[in-house]
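User: I would like to go through the charged pairs in this model and understand the reasoning behind each label. Could you take me through them?

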Amino acid sequence: MNAVEIEEAVSELAAKTFDAAEFSYSFLTAFGNKDTTIKRLRTGNTNASDVPGGVLQRNHIHIAVCPDGTVSKTIVGLRESSKTASAKAKFVLATDGVSLEAEDLISGEAIACEYPEFAKHFGFFLPLAGISTVKEIKNNPFDIKATGRLNKLYVELLKYNPDWATEAKRPALNQFIARLIFCFFAEDTGIFRPKEFTKTIEQMSDSQSGNTHEILCELFRAMDLKSKDREAANIKNWANGFPYVNGGMFAGVAECPKFSRIARSYLLSVGNLEWDKINPDIFGSMIQAVADDEERSEIGMHYTSVPNISKVLNPLFLDDLRAHLQTADDNVRKLRNLRKRLSTIRVFDPACGSGNFLVIAYKEMRAIEHEIVRRTKDDPKSWIKLENYYGIEIKSFAVEIARLSLLIAEFQCDVQYINQQEARAMVLPLHRTGQVRVGNALVLNWLEICPPVAKAITVEHDLAGPTGRLALEENSMAEGGEPETYICGNPPYIGGKSQSKEQKAELAVVFKGDRNFGELDYVAGWFAKSAQYADEINSVFAFVSTNSINQGAQVHQLWPKLYKRGLEIIFAYEPFKWSNSAKSNAAVLCTIIGLRKKSAGEKRLYSTENTVRSAQLIGPYLVTGHDVIIQQSLSPISELPTILTGNSPYDGGHLILTGRCKTSLLASSPSAARFVRRLYGSADYINGEQRYCLWIGDNEVQDALRIPEIAERIADVQKARQVGGEVAQGLVAAPHRFRYTHTPRQRAIIIPRVSSERREYLPAGLLDRNSVIADSAQAVYDPELWVFSIILSKLHLVWAKTTSGKLKNDIRYSSALSYNTFPVPALTNLNKAALSRSAEDILIAREVLFPRTIAELYDPDEMPEDLRRAHDVNDEIVERIYIGRRFRNDTERLEKLFELYAKMASENPQPKKKAKRAA
């Protein structure tokens, strides 16, 4: 269930007559628990409650229905219950059907209300459904409720008006919904008379005759006309009382979809909500899903929370404004200059969705302006104009909602900072709103969307749009020189391999023929477009991005292009999990990066521990003090031995044996044992899985073919290769073997190519001479033991995490970027001896813990103490070789490694083209 469905279920439960026997089960059902779960609780199989009338769901909630007047006493009993603690319940709830109290045992937050009112607190309990919540939903559930009601209306309208579901008509339906939202908001905030719009529909429409659409069309037509023009237009008397809104919100044909009786009922239900409680910070993103068929299943879930948006806007420019406000103190001249500066700032979001970033920027700037007015006692009417807020969004409905959200935010700020009466007087007719355009941001010319001041337009682009303006004003920035332009947003994340042909083509145009962009994330297009824009207009930009553009091959594909344009990172966040409230949220690892033309000012790097470091330079790997870019290397730049990718079978699966197949083969043909070896891929080694392979030398083929099952498998390999790709077809003549046949003389180090980012060490291992390493892993053949110590060090893991790419959130270990580039200082024989002993100690600690798998041994929550201690000693030995002591943190580790890499890379330049590998 999504949040909208939960809100509806909880509201329905709260409206019913209280049933003491059923309440607990109905409550849990409302939060998505399955019938089987409820059945087990009813029978007592999983209900371990020790409180009378109690129902305890492990890891979730302890509920008790109690006698009248004992709610407070019961909630204490639930909190102090030993069963609550042992079951790790996160919530306790008690009710007598008259009042209800609940407590979040993790945060300590609590609610207390009359029983029928508990539905208003549904957001408090959303974690029970696996949905994380933010303050805005917990404190004000209106946005979820409104989204749910509008969604029902939207779906019903599409069902009753199938022609409106077409691509040609969908924009008209989206515009219609935007008009409704404005009218509902207007009638609940004093812009219209209280509930005037909803009551008119209820009184004048008839569910039997189906004339609701005609009533709405007439109302919209009236709002499009000034009073003096209404008589000639024959506006009905019952519509004539509505004010003139303007020619933008209701311009054009006042066409409305037809309403079934159900749709009319939904419309009135929506109108009877309390629309003055709308929160434009998050409402826009939630309502956007109403018009999106793909997102509707997660409706109310996908929005960027205010704290996450602030991580972008504060260091981009809001912190600077607040600092100037503090410095100005009560100096009227400085305060007025700051207010003038505020009035000329332009905010541009070229992936604006429903306008969250623009809305938050506007509200925060209004708060700063209000403080200026408080100190100067000047006229409180705002100098900050919505026309200074620009956006591009590919979905037309989101554009409608973005413009509407800005209007709502402006009105709410006027009410808060001036007064309600003046706010009402100023709002109509509507003036210019945010300049948000429909289109593909990677295709449009940004200089036309947010142009230089000298070319700034004085005519609204789309007067027929839902929030366009007829009352035009001269651009207030024309006399003040070039304004500050800040570009921000949260562009879409689509990896290089997941992009469509169209998206690849868009990036090709953005990068203007430069073919070196193949692995770049789609978000890189926004960085490139912003860099090009900054060539023409002095601007600063910051985007939320996947951390992929700061790792692996993407660094040397993207960052030289940005540096070539004279840009530098002015602030950045170390990777953190960026998530919305969706239950199935993947919590992508993201960063936020701000750039501008090079300057002498300090740079700021924000850590995951909420600390800020000042620096003169932040590099593309988000390491301070170095802007070096790691180039792929074909061989180690240090004393490390050669690393190879494991052996590729290209066999259609016929050279690979499961444990059962191997046993069956040897039972029928014991002589086959000489041709069978243990096979290790990444998953095999990490999880202790047993696979085997046929390993037949060129001089052993005839002997192998005498064994029927092996002969059959070799024939199948040949058939599979004949119909395979170019590489497979080139191997048809040797169906008995893998493409490569690398094996160790004594031992080999295996390094999985993909491993969990949660582990504190790379899950590398040491294999014997009879092992075969598959191509899902990397291999170092016959190394000295000190090499194993280096690979297992925390120092090497930090380097690998920084330089390798990612597969989802996991490390995708790269030989060319992580192993070959790893800087190891010149080692003495004593160094190597100490490292070798340390490696042996780690291997002994693992051996003692046999048969635990590598996955079990290196689970960060369960890592055995003896093994952890062996690694800690190894880290100390390795790090003392580098700086004579332990590093204090990963930042210090990376700073030293980049310093050493820059020195070693300059002394040992690598060939640019990748050499072909011999078969």
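**Salt bridges and their surroundings**

Analyst: In this predicted model, the side chains of Arg79 and Glu103 meet in a salt bridge, with 2.9 Å from N to O. Arg79 belongs to helix H4 (residues 71-80) and Glu103 to strand S4 (residues 99-104), so the pair ties together parts that are 24 residues apart in sequence.

User: Why is the contact between Arg79 and Glu103 called a salt bridge?

Analyst: The definition asks for a side-chain nitrogen of Lys or Arg within 4 Å of a carboxyl oxygen of Asp or Glu; the N to O value for Arg79 and Glu103 is 2.9 Å, and therefore the pair qualifies.

User: What makes Glu103 count as buried or exposed?

Analyst: Buried means under 20% relative accessible area, and Glu103 has 14% relative accessibility, so Glu103 counts as buried. Its partner Arg79, at 37%, is partly exposed, because that value lies between the 20% and 50% limits.

User: How do you know that Glu8 and Lys152 meet in a salt bridge?

Analyst: Their N to O value is 3.8 Å, which is within the 4 Å cut-off, so the label applies. The pair links distant parts of the chain, with Glu8 in helix H1 (residues 3-15) and Lys152 in helix H7 (residues 142-160), 144 residues apart. Lys152 is partly exposed, because its relative accessibility is 34%.

User: How many salt bridges does the structure hold, and which residues are linked in a network?

Analyst: The structure holds 45 salt bridges, and a network of them links Asp872, Glu879, Arg886, Asp890 and Arg893.

Terms used:
Residues are numbered from 1 along each chain as its sequence is written. This is a predicted model: local features need pLDDT of at least 70, side-chain atom pairs count only at pLDDT 80 or more; totals for chains, interfaces and linings use all residues. Side-chain values use heavy atoms; hydrogens and water are left out. Helices (H or I, at least four residues) and strands (E, at least two) are DSSP runs, numbered from the N terminus. Buried means under 20% relative accessible area, exposed over 50%, partly exposed in between (1.4 Å probe, protein chains only).
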